[in-house]
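Open the model in your viewer and keep the sequence panel beside it. The tour goes from strand to strand, then to the helices, then out to the whole chain.

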Amino acid sequence: MRIRAATPEDARATGAILTEFVEATPWMPRLHSADENRGFCATMIERGWVRVIEDDGVVGFIARNEAEVNALYVAQTFRGRGAGAALLRDAQAARDDLSLWTFQDNLGARRFYAAHGFHEVSRTDGQQTDEKLPDVQLEWRRL
């Protein structure tokens, strides 16, 4: 697998990975269409926030604005195979600290981030998010 900066042509693949996650997650509200997810990814790519991981095509991506991780998604068929860990290590190599929000119900993500040195710093009831789901803020600092 190879990590590289995303290009505008990657919006379709990254949007599809995001859509796949939402559709496969029972507790996640369906707020955006596949086209809207693609547009969201295209905007993050345009801002220079996105890095993708490839294995015969894009299989995952991370979006980071400085220290804030805005998204980290891996195609379902590549989960558990090291793609997400590689993307996160790439982000950690670029920064001395990272922070992110995830949903409290996303137990898999919370375990993943804890295994990579993140710890909880705050929680909300989620009423300020589009999804209206309780969330948790996590941080990582290089020791």
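**Start at the strands**

Select strand β1, residues 2–5, together with β2. The two pair in the antiparallel sense, over four bridges. This is a predicted model, so read every value here as computed from it. Now pick R2. Across from R2, in β2, stands E54.

**Stop two: β2**

Select residues 50–54, which make up strand β2. Is this strand mostly covered or mostly open? Mostly covered: four of the five residues in β2 are buried. β2 also pairs with strand β3, residues 58–65. That pairing is antiparallel and runs over five bridges. Two bridge partners are good to label. I53 is matched with G60 in β3. R51 is matched with I62, also in β3.

Next, follow the chain from β2 into β3. The two strands form a hairpin, with three residues between them. Click on D56 in that turn. The phi of D56 is positive, at about 55°.

**Stop three: β3 and β4**

Stay on β3 and colour by accessibility. Six of the eight residues of β3 are buried, so the strand is largely enclosed by the rest of the structure. Then add strand β4, residues 68–74. β3 and β4 run antiparallel and are joined by six bridges. Label A63 and look for its bridge partner in β4: A71.

Which residue in the turn between β3 and β4 has a positive phi? Select E66, where phi is about 60°. The two strands form a hairpin here, with two residues between them.

**Stop four: the helices**

Select helix α1, residues 11–24, and find A16 within it. A16 has 45% relative accessibility, so it counts as partly exposed, the class between 20% and 50%. Draw a distance from the C-alpha of A16 to that of N37. The viewer should show 7.6 Å, for two residues 21 positions apart along the chain.

Move to helix α2, residues 34–46, and pick R38. At 24% relative accessibility, R38 counts as partly exposed. Which residues does R38 touch, leaving aside its neighbours within four places in sequence? Show A11, R12 and G15: R38 is in contact with them. Now draw a line from R38 back to I62 on the strand you visited earlier. Their C-alpha atoms are 14 Å apart, and 24 residues separate them in sequence.

**Last stop: the whole chain**

Clear the selection and show the full cartoon. Count four helices and seven strands in the protein chain. From the N terminus on, the order of elements is β-α-α-β-β-β-α-β-α-β-β. The radius of gyration is 14 Å, close to the 15 Å given by the globule rule for 143 residues, so the chain is as compact as a globular protein of that length. Rotate along the principal axes: the C-alpha trace spans about 35 × 35 × 30 Å.

Switch on the surface. The protein chain exposes about 7,900 Å², and carbon and sulfur atoms supply 48% of that area. Of the 143 residues, 44% count as buried. Then display contacts. Among those with a separation of 6 or more, 60% come from residues 24 or more positions apart.

Finish with the charges. There are 18 positive and 22 negative ones in the protein chain. Their mean positions lie 4 Å apart.

Technical notes:
Residues are numbered from 1 along each chain as its sequence is written. This is a predicted model: local features need pLDDT of at least 70, side-chain atom pairs count only at pLDDT 80 or more; totals for chains, interfaces and linings use all residues. Side-chain values use heavy atoms; hydrogens and water are left out. Buried means under 20% relative accessible area, exposed over 50%, partly exposed in between (1.4 Å probe, protein chains only). Two strands pair if DSSP finds at least two bridges between them. The radius of gyration is taken over C-alpha atoms; the globule rule is 2.2 Å times the number of residues to the power 0.38. Contact means heavy atoms within 4.5 Å. Accessible areas come from the Shrake-Rupley method with a 1.4 Å probe; for residues, only the protein chains shown count as cover. Lys and Arg count as positive and Asp and Glu as negative; His and the chain ends are not counted. The place of a charge is taken as NZ of Lys, CZ of Arg, CG of Asp or CD of Glu.
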